[in-house]
Amino acid sequence: MKIVVFIYSMHGGGAERVTANLTNEWAALGWEVTIVTLTAGEIDCYPLHPRIRRIELGLAGGCEGAGGLLPTLRANLRRIAAFRRVLRDIQPTVALGVMATASVLAVLAGIGLPCKIIASEHTHPPKAPLTPFWEHLRRWTYRLADKVVALTDETRQWVEAYCHCTGVAVIPPPFTLPIARTDPVIEPQRVVGDKRRVLLAAGRLSPEKGFDSLIEAFGKIANTLPQWDLVIVGEGRARASLEQQIDDAHMRGRIFLPGRAGNVADWYERADLYVLSSHYEGFSMTLVEAMASGCAAVSYDCDSGPRVIIEPGTNGLLVNPVGDANALARALETLMKDDAERHRMALRAVSVIETFALRKTIALWQQVFVESGVAFPPRADLPLCG
């Protein structure tokens with residue numbers, strides 16, 4: 001079995017972590033795995049199996065069509081031609097596009113070639129629309145793919161209706177333990193004291209993650225919970241505005257933005273409660289990882305992942321309406337003040353380890369390969385890692 005995975009970059013992010021987890025597992029099964037990125041000269045954030053081949057095309061930039069239609073067409077024709085050359089050289093059994101633009105390019109590059117082409121979505125598309133150029137291409141190309149994979153049923157329904165696809169598969173991201181430890185390392189004890197309680201959030205510092213709403217919510221309850229601090233682990237373009245919001249709320253020393261941590265597992269272990277404040281999610285691996293590490297969770301009931309992961313009142317709380325800081329503050333305060341209830345939910349949160357077990361994910365992918373026309377059946381005797 002030869003598989004080529006095409007993704008924009010491997011420089012951090014949820015889809016990149018999913019790609020690393022999947023390809024590491026496939027390589028461990030003895031498959032020939034190649035990861036192809038548009039970027040060049042960047043360091044991969046997640047460790048890869050030594051058998052995985054890496055190809056960097058060096059054709060990133062301008063993917064969203066900001067330079068005008070003709071330059072965008074020329075740039076993407078070069079990307080399609082470069083990836084098609086890779087496919088002709090490697091002659092894989094399957095080519096997998098990860099995220100919408102890479103999936104579109106993979107479908108176009110694979111036209112007329114014998115390999116099976118699989119597209120995959122890693123967001124909930126109606127909440128994260130592409131430019132008109134890419135929306136049109138996604139709508140046209142996905143129906144040409146041998147298979148399309150979504151993270152949740154909500155996304156599956158959207159893809160089937162919007163792109164006129166049939167038989168879209170639903171596969172949650174692969175969850176692996178232990179969680180990989182990479183650089184940079186930010187030790188929790190260097191940020192918060194040992195006796196402090198930690199409300200943890202993790203993710204890219206960007207508007208869709210709703211950290212402004214979370215900071216506002218924490219500010220509403222901070223005085224009644226003097227033993228608690230809020231830590232948001234991650235980096236991104238919203239840092240300056242979030243730091244200004246923290247200053248305006250006089251929350252320095254109670255709210256911390258330590259940056260991106262490659263040792264996020266240490267932070268899950270340190271946390272007393274996890275919070276997801278996103279306006280939308282494809283799935284949210286951080287939520288699964290935190291719960292698997294023994295954290296009860298509070299999350300906005302956003303499209304489309306949290307309601308698949310959290311059982312309200314059992315292992316966490318879902319908050320409506322999305323973006324309402326008052327509602328989020330009330331839910332957080334409920335668990336932050338009740339040690340027994342928070343502990344009870346945390347004990348049940350670890351059940352996500354079984355719900356989203358790696359062996360289940362790998363089996364679902366093998367089923368997708370067979371349904372796409374790959375001429376081998378899934379083998380129950382193949383060794384699975386993790």
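This is a short dialogue on reading the cavities and surface of a predicted model.

Me: Let's start inside. How do I look for empty space in a structure like this, and how many cavities of 30 Å³ or more does it hold?

Reply: The general idea is simple: roll a probe the size of a water molecule over the atoms, and you see where empty space is left. In this predicted model, that search gives four cavities of 30 Å³ or more. The largest has a volume of about 60 Å³.

Me: Which residues lie closest to the centre of the largest cavity?

Reply: Val18, His122, Leu151, Ile171 and Trp365 are the closest to the centre, out of 13 residues in the lining. If you'd rather go by elements, look at α1 (14-28) and α14 (358-372), which each give two or more residues to that lining.

Me: And what's the chemical make-up of the lining of the largest cavity, by class?

Reply: Count nine nonpolar residues, three polar ones and one charged.

Me: OK, on to the second largest cavity. What is its volume, and which residues line it?

Reply: The volume is about 50 Å³. Among the lining residues are Val5, Leu96, Val98 and Ser120. You'll also find Val18, His122 and Trp365 on the list, and those three names came up around the centre of the largest cavity too.

Me: Which element gives the largest share of the second lining?

Reply: That's α1, with five residues. Strand β4 (94-98) is the other element that gives two or more. By class, the second lining has seven nonpolar and four polar residues, with no charged ones.

Me: Now the outside. Which residues form a nonpolar patch on the surface?

Reply: Pick out Leu69, Leu70 and Leu73, which together have about 290 Å² of accessible area. Leu73 sits in helix α2, residues 69-90.

Me: Why is Leu73 called partly exposed and not exposed?

Reply: Exposed means over 50% relative accessible area and buried means under 20%. Leu73 has 35%, so partly exposed is the label.

Me: Then where does Ala340 fall, buried or exposed?

Reply: Ala340 is exposed, because its relative accessible area is 57% and the cut-off is over 50%. You'll find Ala340 in helix α12, residues 339-349.

Me: One last thing, on distance. How far apart are the C-alpha atoms of Ala340 and Val107?

Reply: Separation along the chain and separation in space are two readings to take side by side. Ala340 and Val107 are 233 residues apart along the chain, and their C-alpha atoms are separated by 52 Å.

Note on methods
Residues are numbered from 1 along each chain as its sequence is written. This is a predicted model: local features need pLDDT of at least 70, side-chain atom pairs count only at pLDDT 80 or more; totals for chains, interfaces and linings use all residues. Side-chain values use heavy atoms; hydrogens and water are left out. On a 1 Å grid over the protein atoms alone, a cavity is a set of points where a 1.4 Å probe fits but cannot get out, and a pocket is an open set with protein on both sides within 12 Å along at least five of seven lines; lining residues have an atom within 4 Å of a point. Grid points are joined across faces, edges and corners, and a volume is the space filled by probe spheres set on the points. Helices (H or I, at least four residues) and strands (E, at least two) are DSSP runs, numbered from the N terminus. Ala, Val, Leu, Ile, Met, Phe, Trp, Tyr, Cys and Pro count as nonpolar, Asp, Glu, Lys and Arg as charged, and the others, Gly among them, as polar. Patches are made of residues with over 30% relative accessible area and no salt bridge: like charges are joined within 9 Å, nonpolar side chains (Val, Leu, Ile, Met, Phe, Trp, Tyr) within 5 Å. Accessible areas come from the Shrake-Rupley method with a 1.4 Å probe; for residues, only the protein chains shown count as cover. A salt bridge is a side-chain nitrogen of Lys or Arg within 4 Å of a carboxyl oxygen of Asp or Glu. Buried means under 20% relative accessible area, exposed over 50%, partly exposed in between (1.4 Å probe, protein chains only).
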